[in-house]
Amino acid sequence: MKGTRPLDNDEIRQVAASFTGTYQVRNRSLFMIGVSTGGRISELLGLRIGDVFQNRKPVTDLLYGKSIVKGGEVSRSVPVNADGRKAIDELVNWHRQHYRSIAAKRPLFPSRHQSGTVPLHRQTAHEILKTAFIEAGLNGHIATHSLRKSFAQRLYDKTGDIYLVQELLGHRNISTTQKYLGVNYADAKAAVEAIALITESDRRPLLYNSLSEIDDETLRSELEKRGYNVTYQREIETTAEIVKIR
C-alpha cells in the first residue's frame, strides 16, 4: 500500500507480543513470516503448509511460486531466517493441535470457517494486523504492506545492497525498490544530534553567583568550553562575586 512505513526491530517485537486469543499463533506467525521474508499479503495468504514445512521441519528457503506472486511475475526464493523458521514451527504445531493433523495442501493461514480449508481473507488479515498495531501503541501510516517494507528496509540497512533487496522482493525494476526504501529514522536522529553545536556537558550552567565555590580548574574548563581563552588565575575569592561573561 502506497505511503505505508516500515517497522523497526523494537516495533516488530512490540507487535509480536500484542496478539491474543485462540488464533494468536496463526496471526503472530502471519506477521513474523511477513517481516522475515518480505512476502506481499496476497502471497502470504496463498501459502500452504507444504510450502513452508518439509521433511518434518521448517524450510530454510521459501519459494514464492508464480501462481501466487503479483501479476504472475517470476517465482522467487527467499532465505528464511531464525525468526521465520520459529514462526513456521509454532504455526505447524498450532495446526496439529487445532485440526488434530497437518496436511500439506491446507492453507497455512486458514480462515476460522470451513474447517481450515479456505485461506484467511485479505481484508480479515488487514483488520487483524491493524488491531495488533493499535495494541502495540504504534502510530503513523501502517498497514499490511508495512510487513514487506519492514523486510526491505531492515535488509537494506544491514547490507546496503539495493540489488539484493530487489532480488528478494521480486521487483522487475530497481526504481520500484528505491521507492520502498526510506531513511533509517534511528540513524537520522543520531546524525541530527551529532551536528549539534551544544553537547550534554555544555548544557551545565555556570552559576554566576557562586564562582567562589568553583575551583580554578573547573572554572577554566567551563569557560574554555564556551570558547574563551582563559590565561589568568583568580587572585582572591573576593574579586569573584557575580561575573557574567558575554
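A residue counts as buried here when its relative accessible area is under 20%. With that in hand, open the model, which is a predicted one, and start with the whole protein chain. Of its 246 residues, 40% count as buried. Colour the chain by secondary structure and you should find eleven helices and four strands. Among contacts between residues at least 6 apart in sequence, 56% join residues at least 24 apart.

**Stop 1: the nonpolar core**

Select Val15, Phe31, Leu44, Phe109 and Phe133. These are the residues with the most contacts inside the largest nonpolar core, which has 52 residues. As a general point, nonpolar side chains tend to be buried together in soluble globular proteins.

Now keep Val15 and show what surrounds it. Leaving aside residues up to four places away in sequence, Val15 touches Leu7, Phe31, Ala132, Phe133, Ala136 and Leu138. Two of those names, Phe31 and Phe133, will come back at the third stop.

**Stop 2: helix 1, from one side to the other**

Val15 belongs to helix 1, so select residues 9-16 next. Which residues of helix 1 are buried? They are Glu11, Ile12, Val15 and Ala16. Turn the view until you look down the axis of helix 1: its buried residues fall within an arc of 135°, so they line one face of the helix. Asp10 and Arg13, on the other side of helix 1, are exposed.

What covers the buried residues of helix 1? The cover includes helix 2, helix 6 and helix 7, the last of these spanning 145-159. Before leaving, zoom in on the N-terminal end of helix 1. Asp8 caps that end, with a side-chain oxygen 3.2 Å from the backbone nitrogen of Asp10.

**Stop 3: aromatic rings**

A search of the whole structure finds four aromatic pairs. Begin with Phe31 and Phe133, an edge-to-face pair whose centres are 6.4 Å apart, with 70° between the planes. Phe31 lies in helix 2 (residues 24-37) and Phe133 in helix 6, so the pair ties together parts that are 102 residues apart in sequence. Both Phe31 and Phe133 are buried. Add Phe19 to the selection, and you have a cluster of Phe19, Phe31 and Phe133 linked by ring pairs.

Then select Trp94 and Tyr99. Their ring centres lie 5.9 Å apart and their planes stand at 90°, so this pair is edge-to-face. Trp94 and Tyr99 are both buried.

One more ring deserves a look. Select Tyr180 together with Lys149: Lys149 lies over the face of the Tyr180 ring, 5.9 Å from its centre.

**Stop 4: two buried loop residues**

Go next to Ser111, in the loop between helix 5 and helix 6. Is Ser111 buried or exposed? Its relative accessible area is 13%, so Ser111 is buried. The side chain of Ser111 reaches the backbone nitrogen of His113 at 3.1 Å. Beyond its sequence neighbours up to four places away, Ser111 touches Arg26, Tyr99, Gly116, Val118, Pro119 and Leu120. Tyr99 is one of the rings you met at the previous stop.

Move on to Thr144, which sits in the loop between helix 6 and helix 7. Thr144 has a relative accessible area of 11% and is therefore buried. Not counting residues up to four places away in sequence, Thr144 touches Ile41, Ala125, His126 and Leu129.

**Stop 5: exposed residues and positive phi**

Finish with some exposed residues. Most residues other than glycine have a negative phi. Select Arg56, which has a positive phi of about 65° although it is not a glycine. Arg56 is found in the loop between strand 1 (53-54) and strand 2 (57-58). Its relative accessibility is 79%, so Arg56 counts as exposed.

Arg100 also has a positive phi, near 65°, and is a residue other than glycine. Look for Arg100 in the loop between helix 5 (82-99) and helix 6 (122-135). Arg100 is exposed, with a relative accessible area of 71%.

The last selection is Lys86, found in helix 5. Lys86 is exposed at a relative accessible area of 54%. Add Pro58, which is 28 residues away along the chain: the C-alpha atoms of Lys86 and Pro58 are separated by 8.0 Å.

Terms used
Residues numbered from 1 in each chain as written. Predicted model: local features only at pLDDT ≥ 70, side-chain atom pairs only at ≥ 80, totals over all residues. Heavy atoms only, no water. Buried < 20%, exposed > 50% of the residue type's maximum accessible area, 1.4 Å probe, protein only. Core = buried A, V, L, I, M, F, W, Y, C linked by side-chain atoms within 4.5 Å. Contact = heavy atoms within 4.5 Å. Phe/Tyr/Trp six-rings, centres within 6.5 Å; stacked < 30°, edge-to-face > 60°. Lys NZ or Arg CZ within 6 Å of the ring centre and 35° of its normal. Arc of directions from axis to C-beta. Polar contact = N/O pair within 3.5 Å; in protein donor to acceptor, adjacent residues only side chain to side chain.
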